[in-house]
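Good morning, everyone. Please have the sequence and the 3D view open while I talk.

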Amino acid sequence: MNIKKSEQLFKEAKTLFPGGVNSPVRAFKAVGGTPLFFVKGDGAYVWDADDNKYIDFCCSWGPLILGHNNLQVTKAIQETSQNGVSFGTPTIQENELGKLILDNHRYLEKIRFVSSGTEATMSGIRLARGYTGRDKIIKFDGCYHGHADSLLVKAGSGLATLGTSTSAGVPEAFANETIVLPLNNIDLVIDAFNKYKNEVACVIIEPVPANNGLLIQDEIFLHQLREECTKHNVLLFFDEVISGFRLGFEGASGMYNIKPDIITFGKIIGGGLPVGAYGASSKIMSYISPEGNVYQAGTLSGNPVAMAAGKASLEVLLQNGFYESQNERTEYFVSELVSYAKSNSYEFNIYNVGSIFWLAFSDNINIRKASDIDSDSMKHFKRLHKALLERGIYLGPSGFEVGFISSAHTKEVLDEAIDIFKKSLDLVFS
Ligand code: PMP
């Protein structure tokens, strides 16, 4: 495989950016080798700087639910940008996207657009604190919510103790306001509520945790979480940056029929452009400036070109049968590969929910918390990633990351991918 141009470009990038990248996981540290520089995407395919072609299951880490270069989205971007790209005033496009979302989401009454998932969760946490007048938050081990200070925190020693930061530069005093618990265990949540009575502002969770493998929660746990939060006057905060508009237009909230108090979005909401958002009831959102005294602002928030891309994208998702088709094709892909692995006694499984999938090198069908994952199994991922790459499949370069299927991943594309996967699995397990 010739990747000379990517190698040259990465050499240059290392002189420009820390580690040669502008976001760490792109650096291929988990799988080794040189990150590829992509120059073009069309439908389910991407091309690197050396003109190698791949089926793309990373899909820009989730935003591209319609695949690359989608006609409606690119047309909206082109048409809107012809009139200028930013004004710093309210725009029609913000109203249009806001209305489209609120009209089609049972659990939201007001929304605020920001420019990334991190900004959305950071602002949502501030809102939860401002609304409740409490400082502490609970998060779960294995959930990622972006890189705001109070969310870069892991569990301290012992359960329900104060957290410690996972990054240099985060003051311990900030980390101490975050309590980190294992997923899928309601008793520990109740213990923490009792221990920190009237101190907890919110519980933040990815309702479908998809940043540390795919840790699908028992549905009952999520319902109990809703009940206990209500009982203890704590806000329930669903971070739907990945699951939002992915598992249905109403995301995981809609799938589980759970009304969270605050929801955050990112990725799909901008159709591939940088957009995030947080939303809640009108009452909670009235605490945000300029209506209320929780400050939050953004020079490029609600950018008209990004809003237009988001709207064009979400309109397609609202079409009849969109999600059914996504799910059907994903089920087909997953079941073909899982049954192939089984018939060959390979220790390989794929977990999926909607069009999100995760490659698990384990027979355990009950992986629900971060500590259930055998980190040793990642050595298989590394080999599989390389074998797939060499045969024309691109997956995000870490075994803890999930893959995504877009509407451009037709049955024909998936059949091509299944063939390549089978050959690569043979190589890894033989
Ligand atoms: N929350 C979740 C659930 C995410 O998956 C991510 C990003 N992967 C974020 C927040 C942060 O979003 P961003 O990278 O856009 O800042």
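I will go through the ligand, then the two sheets, then a few single residues. Keep in mind that this is a predicted model.

Let's start with the ligand. Which residues surround the ligand? Going along the chain, they are Ser116, Gly117, Thr118, Tyr144, His145, Gly146, Glu206, Asn211, Asp239, Val241, Ile242 and Lys267. By type, this shell divides into three nonpolar, six polar and three charged residues.

Some of these residues place polar atoms by the ligand's nitrogen atoms. For Asp239, a polar side-chain atom lies 2.6 Å from a nitrogen atom of the ligand. For Lys267, an N or O atom in the side chain is 3.1 Å from a ligand nitrogen atom. With Tyr144 the backbone is involved: a polar backbone atom there is 3.5 Å from a nitrogen atom of the ligand. How much of the ligand's accessible area does the protein cover? On its own the ligand has 390 Å² of accessible area, and the protein covers 81% of that.

Now the sheets. A general point before the details: strands of a sheet pair through backbone hydrogen bonds, and the pairing is either parallel or antiparallel.

One sheet is open and has seven strands, in the order β4-β12-β11-β10-β9-β5-β8, with mixed pairing. Why do β4 and β8 each have one side without a neighbour in the sheet? β4, residues 110-114, and β8, residues 178-181, stand at the edges with a single partner strand each, so one side of each is left without a neighbour. On average, and ignoring direction, neighbouring strands in this sheet are turned by 20° against each other.

At the β4 edge, the pairing with β12, residues 276-280, is antiparallel and runs over five bridges. To find one of them on your screen, look at Ile111, whose bridge partner in β12 is Gly279. Helix α7, residues 219-231, packs on this sheet. The strands α7 touches are β5 (136-140), β9 (200-205) and β10 (235-239), and the direction of α7 makes about 165° with that of β9.

The other sheet on my list is an open one of three strands, β13-β14-β16 in order, with antiparallel pairing. Its edges are β13 (349-353) and β16 (403-404); each has a single partner strand, so here too one side of each is left without a neighbour in the sheet. Between β13 and β14 (residues 356-360) there are five bridges, in the antiparallel sense. Tyr351, for instance, has Trp358 of β14 as its bridge partner. Helix α11, residues 322-343, packs on this sheet and touches β13 and β14. Its direction makes about 165° with that of β13.

Next, two details of the backbone. The peptide bond from Ser289 to Pro290 is cis, with omega near 10°. Pro290 sits in the loop between α9 (282-285) and α10 (304-317). Phe28 is not a glycine, yet it has a positive phi of about 65°. You will find Phe28 in the loop between α1 (4-16) and β1 (38-42).

Last, Arg368. Where is Arg368 found? Arg368 is in the loop between β14 and α12 (378-391). Leaving out residues up to four places away in sequence, Arg368 touches Leu183, Asn184, Leu215, Ile216, Gln217 and Asp218. With Asp218, the side chains are joined by a polar contact of 3.3 Å. Pro209 is 159 residues from Arg368 in sequence, but the C-alpha to C-alpha distance is 8.9 Å.

That is the end of my list. Thank you.

Note on methods:
Residues numbered from 1 in each chain as written. Predicted model: local features only at pLDDT ≥ 70, side-chain atom pairs only at ≥ 80, totals over all residues. Heavy atoms only, no water. Near = heavy atom within 4 Å. Polar contact = N/O pair within 3.5 Å; in protein donor to acceptor, adjacent residues only side chain to side chain. Areas by Shrake-Rupley, 256 points an atom, 1.4 Å probe, with all protein chains shown as cover. Nonpolar A, V, L, I, M, F, W, Y, C, P; charged D, E, K, R; others polar. Pairing = 2+ DSSP bridges. Helix = DSSP H or I, 4+ residues; strand = E, 2+ residues; numbered from the N terminus. Axes fitted to C-alpha atoms, helices over the stretch in contact; angles between N-to-C directions. Contact = heavy atoms within 4.5 Å.
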